[in-house]
Structure formats: C-alpha cells, structure tokens
Amino acid sequence: MNRRGPGLIGAAARTAVVAGTASAVSGRVQQRQQARFAEQEAAQQPVQPAPQPAASQGDDIIGQLERLAALKEQGVLTEAEFEAQKARLLAE
C-alpha cells in the first residue's frame, strides 16, 4: 500500500495549526491597530482648560471695581454711572 501524504488526520492537524497561527497573528494585528487608533483619537481631542479657582474671580471683580473708580476719578463716569456699574458687578 503506497501512501502519498500524511493522511486525513495529518492533513487535518496541519490545517488546524495553520488556521490557529493565522488567527493569532490576525488578533495581534487588530490589537495593535486598535491601540494606534486610540492614541490618534486621544491626540485629536482638544485639551480642556483648567477651571479658574473662585479666588481669581474675586480678584477680577476687585480689579474691575478699581478700574471703575479710576474712570470716575478721571471724570469719564458720573457718580450715578459708577454706582450702577458697581451694583451690577457685585450682583454677579
């Protein structure tokens, strides 16, 4: 009896090894691509500015009040305009 190859069981085993190797390689390629896409997506997202602390808002109001007082002293604002703007700032 002449055999020409590994037989049915040998061919099935070889096919299983080849298919398993291909599946493992394909899985690794997919993982690398997903990681690369995730990095690109993260790099494209805009950076959110950090919120300013509440103390700087208080400093800003003080600065605005000082500017209003300077404008009043220069005669640019009347006493009534100064008081109206001051009340608006303090109401915020």
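Select Lys-86 to begin: the residue is partly exposed, with a relative accessible area of 29% (buried means under 20%, exposed over 50%, and partly exposed in between, with a 1.4 Å probe and protein chains only). This is a predicted model, in which local features need pLDDT of at least 70 and side-chain atom pairs count only at pLDDT 80 or more, while totals for chains, interfaces and linings use all residues. Residues are numbered from 1 along each chain as its sequence is written, and side-chain values use heavy atoms, with hydrogens and water left out.

Next, add Glu-83, which is partly exposed at 35%. Its side chain meets that of Lys-86 in a salt bridge, 3.9 Å from N to O (a side-chain nitrogen of Lys or Arg within 4 Å of a carboxyl oxygen of Asp or Glu). Both residues lie in helix H3, residues 79–91, three residues apart, or about one turn of the helix.

Move then to Lys-72, which is partly exposed with a relative accessible area of 30%. Lys-72 forms a salt bridge with Glu-79, where the closest N and O atoms are 3.0 Å apart. Glu-79 is itself partly exposed, at 46%.

Keep Lys-72 selected and add Phe-82. The charged end of Lys-72 sits over the ring of Phe-82, 4.8 Å from its centre (the criterion is NZ of Lys or CZ of Arg within 6 Å of the ring centre and within 35 degrees of the ring normal).

Finally, display the whole chain. A search of the whole structure finds two salt bridges. Of the 92 residues, 5% count as buried.

Methods: Helices (H or I, at least four residues) and strands (E, at least two) are DSSP runs, numbered from the N terminus.
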